[in-house]
Amino acid sequence: MNINKAVDKAYEKKTFKEIADAPVDALQGVSAKDAELLKQAFNVKTVRDLANLKYAKWARAIVTLADTEE
């Protein structure tokens with residue numbers, strides 16, 4: 001994966017750890033307003049917080065199981 005396609009230009013040369021600890025709006029397509037709404041709704045402040053959000057984990061698990069369901 002080319003990480004440059006997933007993060008804003010300012011984060012392209014950062015390490016994965018630095019990106020994980022960066023504000024959510026470091027991700028391409030996530031605006032400062034989106035980041036503020038995530039913070040208000042779920043207390044998500046960093047990329048790591050977003051990845052560890054239980055609702056995101058539940059959704060990922062449901063989709064994985066749905067894709068293998070017969």
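## Exercises around Thr 46, Asp 8 and Leu 27

Thr 46 touches Ala 20, Asp 21, Ala 22, Pro 23 and Val 24 when residues up to four places away in sequence are not counted, a contact being a pair of heavy atoms within 4.5 Å. The model is a predicted one, in which local features need pLDDT of at least 70 and side-chain atom pairs count only at pLDDT 80 or more, while totals for chains, interfaces and linings use all residues. Residues are numbered from 1 along each chain as its sequence is written, and side-chain values use heavy atoms, with hydrogens and water left out.

**Exercise 1.** Describe the secondary structure of the protein chain and the extent of its C-alpha trace.

*Solution.* Begin with the count: the protein chain has 4 helices and 0 strands, where helices (H or I, at least four residues) and strands (E, at least two) are DSSP runs numbered from the N terminus. Reading along the sequence then gives the pattern α-α-α-α. Finally, the C-alpha trace spans about 45 × 30 × 20 Å along its principal axes.

**Exercise 2.** Locate Thr 46, and decide whether this residue counts as buried or exposed.

*Solution.* The first step is to place Thr 46 in the loop between helix H2 (32-42) and helix H3 (47-51). The next step is the classification, for which buried means under 20% relative accessible area, exposed over 50%, and partly exposed in between (1.4 Å probe, protein chains only). Thr 46 counts as buried because its relative accessibility is 18%. As a last step, look for polar partners: the side chain of Thr 46 reaches the backbone nitrogen of Asp 49 at 3.0 Å.

**Exercise 3.** Examine Asn 43, giving its position, its exposure and its phi.

*Solution.* Asn 43 also belongs to the loop between H2 and H3. At 48% relative accessibility, Asn 43 counts as partly exposed. Its phi is near 60°, a positive value in a residue other than glycine. For background, most residues other than glycine have a negative phi.

**Exercise 4.** Which residues make up the largest nonpolar core, and what does Leu 38 touch?

*Solution.* A nonpolar core is a set of buried Ala, Val, Leu, Ile, Met, Phe, Trp, Tyr and Cys residues joined through side-chain atoms within 4.5 Å. Applied here, the largest such core holds 5 residues, namely Val 24, Ala 35, Leu 38, Val 44 and Leu 53. Turning to Leu 38, and not counting residues up to four places away in sequence, one finds that Leu 38 touches Val 24, Asn 43, Val 44 and Leu 50. A useful contrast is Leu 37, which is found in helix H2 and is partly exposed, with a relative accessible area of 45%. For the chain as a whole, 19% of the 70 residues count as buried.

**Exercise 5.** Trace how Asp 8 and Leu 27 are placed in the fold.

*Solution.* Start with Asp 8, which lies in the segment before helix H1 (16-20) and counts as partly exposed at 30% relative accessibility. Leaving aside neighbours within four places in sequence, Asp 8 is in contact with Asp 25, Ala 26, Leu 27 and Gln 28. Continue with Leu 27, which is located in the loop between H1 and H2 and counts as buried because its relative accessibility is 19%. The C-alpha atoms of Leu 27 and Asp 8 are separated by 5.8 Å, although these residues are 19 residues apart along the chain. Beyond four places in sequence, Leu 27 touches Ala 6, Val 7, Asp 8, Val 47 and Leu 50. To finish, compute a second separation from Asp 8: its C-alpha atom and that of Asp 34, 26 residues apart along the chain, are separated by 14 Å.

Terms used:
A polar contact is a pair of N or O atoms within 3.5 Å; within protein, one must be able to donate a hydrogen and the other to accept it, and residues adjacent in sequence count only if both atoms are side-chain atoms.
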